[in-house]
Amino acid sequence: MSTIVRPAVSLIVLMTLITGVAYPLVVTGVAQVAFPEQANGSLVYDDQDKVRGSELIAQNFTGEEWFHSRPSAGAYATVASGASNLSPSNPALAKRIGDDAAQEKVQGQGPVPLNLLTTSGSGLDPHLSPAAADYQVTRVAVARHLPRETVQRLVAANTEHSLIGPPVVNVLALNQGLSELQLGK
């Protein structure tokens with residue numbers, strides 16, 4: 001019996017050390033050397049070196065003076081991230097989207113872009129389409145007493161163009177730019 005159990009236990013211990021200790025340490029070490037910012041969460045700091053968020057996770061910005069993120073089914077909590085899994089025919093989804101559309105609606109600007117009404121797959125997507133950001137420019141400019149063109153330039157400056165996929169605007173970076181603009185930096 002020990003001729004079977006001892007090799008099996010030894011193999012379990014060896015594989016646990018390899019896959020549970022050595023491999024994670026090697027991957028973490030490589031990530032820290034090759035991609036230190038991303039490996040540490042792509043954190044965004046303010047002038048006082050206080051963490052304001054992550055480039056990778058959406059935040060709930062409220063108020064007329066801020067650009068709003070996409071809705072989140074998990075209330076922007078990373079532990080509860082995920083989609084709502086409500087079907088298009090579900091009355092609760094239709095009510096939520098209708099309520100959000102009424103809240104985001106800007107008179108004379110046409111329909112609210114879908115990015116401002118629908119959640120992403122994770123519920124934490126920090127990006128909007130440029131059209132969804134542009135839709136909010138007038139509201140933000142009026143609330144901040146800024147020329148519309150100034151806010152429009154800020155959106156253009158924060159629009160990211162990648163090799164793959166459509167252009168996107170990071171809402172945290174955009175709102176941080178608004179704060180710096182108000183401070184005259």
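**Exercise 1.** With which residue does Arg 96 form a salt bridge, and how far apart are the closest N and O atoms? Place both partners in the fold and classify their accessibility.

*Solution.* The model is predicted.
- Step 1: the partner of Arg 96 is Asp 100, and the closest N and O atoms are 2.6 Å apart. The cut-off for a salt bridge is 4 Å, so the pair qualifies.
- Step 2: both residues belong to helix H3, with a spacing of four residues, or about one turn of the helix.
- Step 3: Arg 96 has a relative accessibility of 27% and is therefore partly exposed. Asp 100 has a relative accessible area of 17%, so Asp 100 is buried.

**Exercise 2.** Which residue meets Lys 95 in a salt bridge? Describe the setting of the pair.

*Solution.*
- Step 1: the side chain of Lys 95 meets that of Asp 99, at 2.8 Å from N to O.
- Step 2: helix H3 holds both Lys 95 and Asp 99, four residues apart, about one turn of the helix.
- Step 3: Lys 95 counts as exposed because its relative accessibility is 53%, the limit being over 50%. Asp 99, at 41%, counts as partly exposed.
- Step 4: Asp 99 can also be located relative to Leu 117, which is 18 residues away along the chain; their C-alpha atoms are separated by 9.2 Å.

**Exercise 3.** How many salt bridges are there by this rule, and which parts of the chain does the bridge between Asp 125 and Arg 70 link?

*Solution.*
- Step 1: the count is three salt bridges.
- Step 2: Asp 125 and Arg 70 are joined through their side chains, with an N to O distance of 3.8 Å.
- Step 3: this pair links distant parts of the chain, 55 residues apart. Asp 125 lies in the loop between helix H3 (91–104) and strand E3 (127–128), while Arg 70 lies in the loop between strand E2 (51–54) and H3.
- Step 4: Asp 125, with a relative accessible area of 25%, is partly exposed. Arg 70 has 13% and is therefore buried.

**Exercise 4.** What is the geometry of the aromatic pair formed by Phe 61 and Trp 66, and which charged end sits over the ring of Trp 66?

*Solution.*
- Step 1: the structure holds one aromatic pair. Phe 61 and Trp 66 form it, with 6.0 Å centre to centre and 35° between the planes.
- Step 2: planes under 30 degrees apart would count as stacked and those over 60 as edge-to-face, so this pair is tilted.
- Step 3: Phe 61 is buried, with a relative accessible area of 14%.
- Step 4: the charged end of Arg 144 sits over the Trp 66 ring, 4.4 Å from its centre.

**Exercise 5.** Which helix gives the most residues to the largest nonpolar core, and which residues make the nonpolar surface patch?

*Solution.*
- Step 1: the largest nonpolar core has 22 residues. Those with the most contacts inside it are Phe 67, Leu 116, Val 151, Val 155 and Leu 174.
- Step 2: at least two residues of this core come from each of helix H4 (130–144), helix H5 (148–157) and helix H6 (171–183). H4 gives the most, with six residues.
- Step 3: the surface patch of about 630 Å² is made by Ile 4, Val 5, Val 9, Val 13, Leu 17, Val 21 and Leu 25.
- Step 4: one of these patch residues, Val 13, lies in helix H1 (residues 2–34). Val 13 has a relative accessibility of 44% and so counts as partly exposed.

Methods. Residues numbered from 1 in each chain as written. Predicted model: local features only at pLDDT ≥ 70, side-chain atom pairs only at ≥ 80, totals over all residues. Heavy atoms only, no water. Phe/Tyr/Trp six-rings, centres within 6.5 Å; stacked < 30°, edge-to-face > 60°. Buried < 20%, exposed > 50% of the residue type's maximum accessible area, 1.4 Å probe, protein only. Lys NZ or Arg CZ within 6 Å of the ring centre and 35° of its normal. Patch = residues over 30% accessible without salt bridge, like charges linked within 9 Å, V, L, I, M, F, W, Y side chains within 5 Å. Areas by Shrake-Rupley, 256 points an atom, 1.4 Å probe, with all protein chains shown as cover. Core = buried A, V, L, I, M, F, W, Y, C linked by side-chain atoms within 4.5 Å.
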